[in-house]
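Work through the exercises below with the sequence and the coordinates open beside you. Each task is followed by a solution that proceeds step by step.

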Amino acid sequence: MLNLTGKNALVTGIANNRSIAWGIAQQLHQAGANLGITYLPDEKGRMENKVAELVAPLNPSLFLPCDVRNEPQIQSTFETIRDKWGKLDILIHCLAFANKDDLSGDFSKTTREGFNLALEISAYSLIQLSGAAKPLMTEGGSIVTLTYLGGVRVIPNYNVMGIAKAALEMNVRYLAAELGPQNIRVNAISAGPIRTLASSAVGGILDMIHHVEEVAPLRRTVTQIEVGNAAAFLCSDLSSGITGQVLYVDAGYEIMGMG
Ligand SMILES: NC(=O)c1ccc[n+]([C@@H]2O[C@H](COP(=O)([O-])OP(=O)(O)OC[C@H]3O[C@@H](n4cnc5c(N)ncnc54)[C@H](O)[C@@H]3O)[C@@H](O)[C@H]2O)c1
Ligand SMILES: Cc1c(CN(C)C(=O)CCc2cnc3c(c2)CCC(=O)N3)oc2ccccc12
């Protein structure tokens, strides 16, 4: 069993019990990591209460609002980590957003605002968070982000999110090159389709899941826990020689030609 005892891990992107970040947080906790959780604050504080209740069993030592569009919130998140933890070992970037209208219909209709929003939240945020984490990863570290096949191949309706994921995967390589000398590894997990708040808000996700169940070598889709296990591996010394990579956790779907 892999051991993350003594490691401080910041996990972003938990919205509910279907979130991939929730699967990751559970597995990092099981491996002994000390967790810090961030959530996207909403005006009524509903998200805060819902996420706080969900993560309570994992005894997070930090629980902070962090909207990646809000630079001061990012700064205060990492100041709190510096003051309370001193060092950071693990950063999980598990968030994305595009306007719903940009996730169906003609890609050529993508608006300037929609393009910039999707790239800002889903790709630029990795640069921001990694830059803020860099000075705190004084004993080296591991940064993991979540990507999708739609960033390297055309997946109907994924549209502008595919552009964002292509940028995200290239961010992984440039960040790995910059941070490697400091023994900070940067990798992506490319997860197969999973029913979450984000994916369920998209038409046709169930058809996609059924298609994967027929075509993927394992004849099934993957779970948040399976993604969490792969993330724990990428956060542990078992992956000490791996950086700048995209690891597919998709039941093998990506290898199939007549998919
Ligand atoms: N579900 C899938 O099929 C699938 C497959 C591959 C990759 N992914 C990726 O996994 C990641 C997590 O998505 P999910 O499927 O768990 O859905 P989810 O809706 O549970 O998680 C998305 C998270 O992004 C957060 N977020 C959105 N805008 C934000 C902002 N401005 N600041 C901070 N946080 C913000 C939301 O609060 C939410 O917690 C995303 O990067 C997504 O692209 C999902
Ligand atoms: C798979 C799959 C997903 C899941 N996935 C990999 C994702 O990356 C989800 C990304 C996403 C980003 N922003 C929003 C939404 C989803 C829906 C709700 C909303 O308003 N904005 O999304 C798709 C969209 C079209 C086609 C396939 C997929």
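The exercises that follow concern a predicted model, and they go from the whole chain to its two ligands and then to single residues.

**Exercise 1. The chain as a whole**

Task: Decide whether the radius of gyration of the protein chain agrees or disagrees with that of a compact globule, and describe the extent, burial and contacts of the chain.

Solution. Step one is the expected value: for 259 residues, a compact globule would have a radius of gyration near 18 Å, and because the protein chain has 17 Å, the two agree. Step two is the extent along the principal axes, where the C-alpha atoms fill a box of roughly 50 × 40 × 35 Å. Step three turns to burial and surface: 51% of the 259 residues count as buried, while the chain exposes about 12200 Å², of which carbon and sulfur atoms supply 54%. Step four adds the secondary structure, which comes to eight helices and seven strands. Finally, if one takes the contacts between residues at least 6 apart in sequence, 78% of them join residues at least 24 apart.

**Exercise 2. The surroundings of ligand 1**

Task: Establish which residues come nearest to ligand 1, which backbone atoms make polar contacts with this ligand, and which element gives the most to its shell.

Solution. Begin with the shell, which holds 27 residues, with Gly13, Ser19, Lys165, Ile194 and Thr196 nearest to the ligand. Sorted by class, these residues are 18 nonpolar, six polar and three charged. Next, look for polar contacts with the backbone: a nitrogen atom of ligand 1 lies 2.9 Å from a backbone N or O atom of Val68, and a polar backbone atom of Ile194 is 2.9 Å from an oxygen atom of the ligand. A further contact, at 3.2 Å, pairs a polar backbone atom of Ala198 with an oxygen atom of ligand 1. As for cover, ligand 1 on its own has 820 Å² of accessible area, and the protein covers 91% of it. Last, assign the shell to elements: strand E5 (141–147) and helix H6 each supply at least two residues, and H6 gives the most, with three.

**Exercise 3. The surroundings of ligand 2**

Task: Carry out the analysis for ligand 2, stating how many residues surround it and how much of its area the protein buries.

Solution. The count comes first: 14 residues surround ligand 2, and the closest are Ala98, Tyr158, Ala198, Val202 and Met208. Two of these residues can then be examined for polar contacts, since the distances fall under the cut-off of 3.5 Å: a backbone N or O atom of Ala98 is 2.8 Å from a nitrogen atom of the ligand, and a polar side-chain atom of Tyr158 is 2.7 Å from an oxygen atom of the ligand. Ligand 2 taken alone exposes 600 Å², and the protein buries 88% of that. The shell divides into eleven nonpolar residues, two polar and one charged, and helices H6 (197–200) and H7 (205–215) each supply at least two of its residues.

**Exercise 4. Three asparagines**

Task: Determine whether Asn8 is buried or exposed, whether Asn159 is buried or exposed, and what sign phi takes in Asn183.

Solution. Start with Asn8, which lies in strand E1 (residues 8–11). Its relative accessibility is 8%, and therefore Asn8 counts as buried. The side chain of Asn8 reaches the backbone oxygen of Lys87 at 2.8 Å, and beyond its neighbours within four places in sequence Asn8 has contacts that include Trp85, Lys87 and Ile90.

Continue with Asn159, whose place is in helix H5 (residues 159–179). Asn159 is also buried, because its relative accessible area is 15%, below the limit of 20%. A polar atom of its side chain lies 3.2 Å from the backbone oxygen of Gly105, and among the residues in contact with Asn159, outside its neighbours within four places, are Asp102, Ser104 and Phe107.

The last step concerns the backbone. Most residues other than glycine have a negative phi. Asn159, however, has a positive phi near 45 degrees, and Asn183, in the loop between H5 and strand E6 (184–191), has a positive phi of about 60 degrees.

Definitions and conventions
Residues numbered from 1 in each chain as written. Chains lettered and ligands numbered in written order. Predicted model: local features only at pLDDT ≥ 70, side-chain atom pairs only at ≥ 80, totals over all residues. Heavy atoms only, no water. Near = heavy atom within 4 Å. Polar contact = N/O pair within 3.5 Å; in protein donor to acceptor, adjacent residues only side chain to side chain. Areas by Shrake-Rupley, 256 points an atom, 1.4 Å probe, with all protein chains shown as cover. Helix = DSSP H or I, 4+ residues; strand = E, 2+ residues; numbered from the N terminus. Nonpolar A, V, L, I, M, F, W, Y, C, P; charged D, E, K, R; others polar. Rg over C-alpha atoms; globule rule 2.2 N^0.38 Å. Buried < 20%, exposed > 50% of the residue type's maximum accessible area, 1.4 Å probe, protein only. Contact = heavy atoms within 4.5 Å.
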